[in-house]
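Subject: Structure for your files

Hello,

Here is the structure I said I would pass on. My notes on what was found follow below it.

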Amino acid sequence: MGTPDVGHRRRDGDMKHQLTRLSTERPRTVYLMVLVLTLALGALIPRIHVDTDPENMLPADQPDRVFHNLVEQRFTLHDAIVVGAVNEDHPDGVFNPESLSALVELTDAILAMDGVIDRDLMSLSTADNITQAGPGTIRFEWMMQQAPGDATGALAIRDAVDRLPLLENTLVSGDGKAAAIYVPIESKDLSYDVSQQIQAVVDGLDSPDDYYITGLPVAEDTFGFEMFVQMGISAPLAGVMLFLLMWYFFRSASLVVAPMMVAMATVIATMGLLIGLGFTVHIMSSMIPIFLMPIAVVDSVHIMSEFADRYHEGSDPREVVGTVIDELFKPMLFTSITSAVGFASLIITPIPPVQVFGAFVAFGILLAFIVTITLVPAYIVRMKPDRLARLHVLAVSGEGDNAIARLLRACGRIAFGRPWPIVALAAAVLVVSAVGIGRIEINDNPVRWFKESHRIRVADEVLNEHFAGTYDAFLVLEHALPDERLDTFRRNAAASLDALDDQALAGRLRGHLEADPPALDRLIADLDDALFEARDADLDRLEALLGDAESLQQARRYFLRPDALAYIESLQEALMASGLVGKTNALPDVTKVVNRELRGGDAADYRIPDSVPAVAQTLLQYQSSHRPQDLWHMVTPDYGAAAIWLQLTSGDNQDMTKVMAAVDAWLADNSPPAGVSVDWAGKTYINVVWQQAMVEGMLLSLLSAFAIVFVMMVVLFRSVLFGLIAMLPLSLTISFVYGLIGWIGKAYDMPIAVLSALTLGLSVDFAIHFVQRFRTLAAEAGAFAGAAAGIFEEPARAIYRNAVVIALGFTPLFFAPLVPYITVGAFMASIMAISAAVTLFLLPAVMSLLQRLLFRETGAASGAPVTD
Amino acid sequence: MIGRLTAIAGLVLGAASATAAAPLEDADAIVERANLAAYYAGDDGRTEARMLITDGQGREQMRQFTILRRNPEPGGDQQFLVFFSRPSDVRGTVYLVEKHVDRDDDRWLYLPGLDLVKRISAGDKRTSFVGSHYYYEDVSGRLPTEDTHTLVETTGEHYLLEHRPIDADSVEFASYRTWIDRETFLPMKIEYSNDDGEVYRRVESLDVAEFQGYPTVTRTLVSDLAGGGTTEMRFRFIEYDIGVPADVFAERSMRTPPREWLERDR
């Protein structure tokens with residue numbers, strides 16, 4: 001590598017030269033600017049707000065999310081922590097005085113905790129019981145106000161639960177070995193805190209049972225907590241790893257300080273900006289530091305490699321740095337832009353946290369580029385001459401002739417010497433990968449974001465084995481009267497009111513009529529009062545209007561109709577018959593239990609009563625309990641909408657999707673009664689919705705990033721052919737990695753989906769450096785063969801070094817207890833390794849096969865490299 | 001059963017109209033007077049009641065019923081009939097209660113939709129009254145002998161008493177306080193506290209009027225301070241001493257309501 005032609009430095013930029021001049025002549029100013037930027041943005045970090053709610057994977061106005069929240073409100077549903085007590089040893093399971101006494105004690109302690117919604121807490125000691133107390137007598141009482149003193153009392157409770165389908169398999173497992181407490185909480189971000197408090201009580205509990213705590217809110221909130229911890233562990237670990245790797249490569253701690261400063265400044269400024277702009281730190285954005293750190297040092301590694309090669313004792317470091325920057329500016333700029341494009345393409349996905357992640361990593365990469373080309377030169381020119389001298393010696397003696405260097409040269413000989421087998425192998429890999437991609441299983445479940453040994457995963461498994469399921473979904477049936485019915489009533493009522501003798505009265509009644517929907521209860525009450533004092537002339541009209549209003553009110557109270565309940569019942573039966581659902585709870589269950597007990601307790605009377613008044617009066621008795629509000633989890637107080645609570649033993653999106661398909665199929669054969677619509681809500685359903693949105697969004701963002709990067713390659717190399725060649729490594733890498741996921745059966749989940757687009761931006765880097773440097777070499781050497789030898793010297797070593805730096809830089813993630821972190825670490829490490837290998841083998845092979853086509857245009861000897 | 005309802009509704013005994021004399025100082029004596037004032041007005045009485053149940057989200061439900069009451073002896077056993085008229089799908093539902101001061105009450109229920117008369121075991125009396133924020137015990141009346149009473153303060157208008165349950169396991173409250181009007185002896189406000197001393201439930205008498213010489217609460221409100229819901233109850237068409245015979249309070253009246261004793265405009 002000779003001294004570059006001064007003629008190269010022309011148009012590329014005044015900016016480039018100004019920056020270089022600034023950094024080499026006024027290094028202190030550069031230091032100060034970077035410091036101020038870092039401190040100013042870093043000062044915003046304490047404002048951090050962590051958000052782990054997967055619901056936020058959907059925009060706040062997304063229709064399914066809006067509906068889900070509306071359903072939670074209308075049916076007063078809350079996120080709940082599930083606490084389970086399991087006794088495998090006692091012959092009566094948890095139905096022994098010791099277990100039950102501990103359960104009561106724990107329930108009381110939970111009820112005393114802040115943030116717990118006492119009235120909706122479900123436990124054996126807060127449940128109501130309805131029983132026969134002798135012939136013709138029913139009794140309403142607490143199921144277990146105090147723990148029973150003896151075995152008989154404990155077994156009596158088991159028998160009572162056996163008669164209440166709403167509790168069976170929900171509060172007590174079918175085998176009697178486990179009991180559960182459902183702890184509704186005011187806000188899901190209290191889940192971790194409340195679950196810790198519960199754990200503390202459990203730890204001090206004198207109980208023969210094993211206790212487990214799970215539920216989606218706990219999983220999500222705990223994930224948030226551990227994620228926060230990981231940000232404090234993984235990111236610094238990655239930093240230490242990088243430092244050690246670079247120290248090993250450059251044998252100079254003082255030189256390596258520069259890239260570390262770049263990495264720190266980039267990470268701190270980017271996170272500060274993200275937090276300062278008011279974005280929450282979500283699962284994805286918590287990984288920004290870990291992504292940015294290795295990427296941020298890549299450019300520094302190129303600069304330092306090149307500098308170490310070119311610097312001789314006695315030469316002016318300023319001039320050498322200028323030359324190095326001149327040489328590397330364009331490839332560094334393009335690799336930074338392509339990486340940024342890869343991440344920025346995530347903005348296309350409809351998932352806000354992923355958009356934020358993509359946007360800020362892209363920002364960080366560009367910031368890292370700017371900081372690198374200013375701070376690193378500034379740092380180098382301030383180094384002492386003797387250190388600089390040692391650097392060169394180490395670089396030349398250490399790097400030029402070691403095992404790695406020899407290996408890379410051998411690799412070059414193979415690639416250029418036997419191109420066909422390599423191309424054939426690549427084609428074969430592509431085919432096998434394509435088949436693998438076809439086998440990819442799309443699936444996710446926030447509980448699976450923990451390792452299998454994590455206490456939440458264990459609790460999830462144990463409790464779902466015993467109970468009908470800790471995952472919730474809701475099918476909401478809503479009835480709407482035909483508009484004509486309301487309009488007719490309004491029209492007729494308005495006419496009656498107009499005709500009244502007492503217009504003062506008519507005015508009052510009109511107010512109720514004009515409300516939307518009409519305030520029927522109040523209208524009826526006022527009509528009833530009015531009848532008492534009405535003028536004789538108005539009596540008939542008022543009575544007729546009262547009759548109309550009451551009949552409309554009855555029509556609106558749709559889910560008191562036996563046929564409406566029967567439809568819900570048949571839907572419940574279909575759900576159970578599908579084998580996909582652990583249990584369903586809905587209005588027919590309550591109605592049937594109370595009907596049976598009112599009629600004497602015979603199993604034959606476990607059925608829906610046969611008239612609207614019978615259903616209404618049955619439910620009125622249900623409301624004469626300690627927990628009348630429980631009814632409103634199943635039907636709205638106006639009886640216009642009903643909800644079926646589905647308990648699922650799996651939170652996997654795949655399983656939920658199967659349930660949804662089963663319901664769709666059933667609905668196709670059993671269309672809902674006129675005016676009734678059926679819709680989904682619930683956390684498990686919402687997870688499916690955002691995952692579907694993400695899969696589609698990711699495909700789009702991958703394709704657009706691919707297109708943009710391709711166009712950039714064509715522009716960079718001013719050649720479509722070179723552009724295509726530069727796309728080869730990333731295409732093969734992505735295909736291979738996703739093919740592998742398909743073959744090994746790892747689910748395509750959120751982290752994997754997000755990685756697809758950014759893979760592209762990172763794995764094109766090596767190709768850019770390789771092609772660009774090759775063309776420069778070809779121009780300098782004037783021959784393909786000369787370039788082919790030169791490219792496997794310093795350029796190949798830089799690629800190798802960078803691949804190792806990034807791949808190993810992500811390895812601290814392997815030690816995280818959270819699966820997405822491990823996935824990302826493994827994924828990034830393999831992408832780096834594979835794309836480096838593909839670049840070093842496939843590119844030379846293809847280029848040697850196409851050398852006539854590729855280098856005819858540059859005219860190998862013309863000396864017109866693309867750097868200008 | 002309609003004990004405290006009518007208590008608060010105030011079918012008040014004439015004795016309660018004692019004019020403001022020297023304030024009483026014995027808590028038990030005050031409770032005794034309040035019990036009579038609140039639960040035992042006249043030899044008998046009839047009122048129509050309408051409940052507006054509002055949940056924490058402001059959603060409303062209505063219940064309308066007529067109460068017929070007879071008390072042979074002040075402070076003694078009582079008989080009640082409660083006839084539901086609205087919403088129309090529960091029309092005809094009837095409760096019959098024989099309240100006893102020395103043992104559990106007898107309660108029956110008639111459901112016309114199921115054509116069924118059912119006896120209700122007394123069990124727990126602190127369950128919801130037909131889905132409202134009132135408890136059965138607010139309705140059937142909590143006997144003065146179930147609590148201990150302390151006179152906390154005597155103000156210009158009220159006696160403020162604090163009550164603690166003798167059997168703490170049978171109730172959900174730790175204690176409650178009652179503000180009793182010094183003139184009428186009607187309870188004007190009751191506040192229930194939990195173990196932490198927080199007030200979680202409040203019953204208020206909002207309007208009082210005099211009927212046939214008996215001061216009577218005509219509007220009352222229960223507030224669930226934890227859940228945010230309320231039940232407002234209004235009483236109208238109040239009449240005392242109508243002369244309803246004892247044998248009207250029987251199962252026969254549940255299936256065939258005694259119209260002559262129920263109609264407003266006799």
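Which residue in S6(B) is the bridge partner of Thr137(A)? In this predicted model, that partner is Arg119(B). The bridge belongs to a pairing between chains: S3(A) and strand S6 of chain B (residues 116-120) run in the parallel sense and share two bridges.

The contact between the chains draws 37 residues from chain A and 33 residues from chain B. On the side of chain A that touches chain B, the elements giving two or more residues are strand S3 (137-142) and three helices, H18 (520-533), H19 (539-556) and H22 (612-622). By class, that side of chain A has 17 nonpolar residues, 13 polar and seven charged.

Chain A also holds an open sheet of four strands, ordered S7-S8-S6-S9, with antiparallel pairing. Strand S7 (583-585) and strand S9 (676-681) of chain A are its edge strands, and each of these pairs on one side only. From one strand to the next, the twist averages 20°.

Within this sheet, strand S6 (residues 471-479) and strand S8 (residues 641-648) of chain A are joined by eight bridges in the antiparallel sense. Leu475(A) has Ile644(A) in S8(A) as its bridge partner.

One helix should be viewed together with the sheet. Helix H23 of chain A (residues 653-669) lies across S6, S8 and S9 of chain A, and H23 runs at about 140° to S8(A).

Regards

Terms used
Residues are numbered from 1 along each chain as its sequence is written. Chains are lettered from A and ligands numbered from 1 in the order in which they are written. This is a predicted model: local features need pLDDT of at least 70, side-chain atom pairs count only at pLDDT 80 or more; totals for chains, interfaces and linings use all residues. Two residues are in contact if their C-beta atoms, placed from the backbone, lie within 7 Å. Ala, Val, Leu, Ile, Met, Phe, Trp, Tyr, Cys and Pro count as nonpolar, Asp, Glu, Lys and Arg as charged, and the others, Gly among them, as polar. Two strands pair if DSSP finds at least two bridges between them. Axes are lines fitted to C-alpha atoms, for helices over the stretch in contact, and angles run from 0 to 180 degrees between N-to-C directions.
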